[in-house]
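Please load the model in the viewer and keep the sequence panel open beside it. The tour proceeds from the whole chain to a single residue and ends at a segment that calls for caution.

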Amino acid sequence: MSKIIALVACCAALIAAVSAYEEYHAHPKYKYEYGVKDAHTGDNKEAWEHRDGDVVQGHYSLHEPDGTHRKVDYKSDKHVGFQAHVQRSGHAQHPAVYGDHHHGDGHHGHGGESYANIDQHH
């Protein structure tokens with residue numbers, strides 16, 4: 001009788017361990033989307049991602065500070081690993097003059113201005 005009780009106790013422990021393993025290694029599945037369009041700052045970006053188990057697929061795009069637009073589509077799974085397709089459109093342009101040179105108040109980067117100061121010594 002004690003062997004049967006021990007066997008039942010072992011089976012119960014094994015079932016509990018398997019149940020805990022299954023909860024810990026549950027099948028991951030989610031979707032999300034995100035986006036910003038701010039006309040005041042020019043911050044325009046979007047992103048989405050879907051995951052179902054080991055397969056992840058997503059996309060993001062943004063407007064770069066130089067005026068170009070970057071789009072990235074990506075996919076990942078356990079067979080092919082991570083793959084990304086990156087596209088850049090537009091032509092990089094930088095203004096000839098950065099911001100207003102008559103700041104006076106020391107508040108750089110406010111009011112839609114850009115500021116850059118490069119001091120290189122060779």
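Colour the chain by secondary structure and follow the sequence from its start: the order of elements reads α-β-β-β-β-β. This predicted model thus presents one helix and five strands.

Next, select the entire protein and display its accessible surface. The exposed area is about 10,400 Å², and carbon and sulfur atoms supply 55% of that area. Of the 122 residues, 11% are buried. Contacts may be drawn as well: among those between residues at least 6 apart in sequence, 10% join residues at least 24 apart.

Now select residues 55-63, which form strand β3, and within this strand pick S61. Is S61 buried or exposed? Its relative accessibility is 6%, and S61 therefore counts as buried, the cut-off for burial being under 20%.

Keep S61 selected and show its surroundings. Which residues does S61 touch, leaving aside those up to four places away in sequence? The partners are N44, K45 and E46, together with H69, R70 and K71.

Finally, recolour the model by pLDDT. The mean over the protein is 75, and 57% of the residues reach 70 or more. Then select residues 103-122, where pLDDT stays under 50. For this segment the model has ten contacts beyond four places in sequence. Predicted coordinates should not be read in detail where pLDDT is low.

Notes: Residues numbered from 1 in each chain as written. Predicted model: local features only at pLDDT ≥ 70, side-chain atom pairs only at ≥ 80, totals over all residues. Heavy atoms only, no water. Helix = DSSP H or I, 4+ residues; strand = E, 2+ residues; numbered from the N terminus. Buried < 20%, exposed > 50% of the residue type's maximum accessible area, 1.4 Å probe, protein only. Contact = heavy atoms within 4.5 Å. Areas by Shrake-Rupley, 256 points an atom, 1.4 Å probe, with all protein chains shown as cover. pLDDT = per-residue confidence, 0-100.
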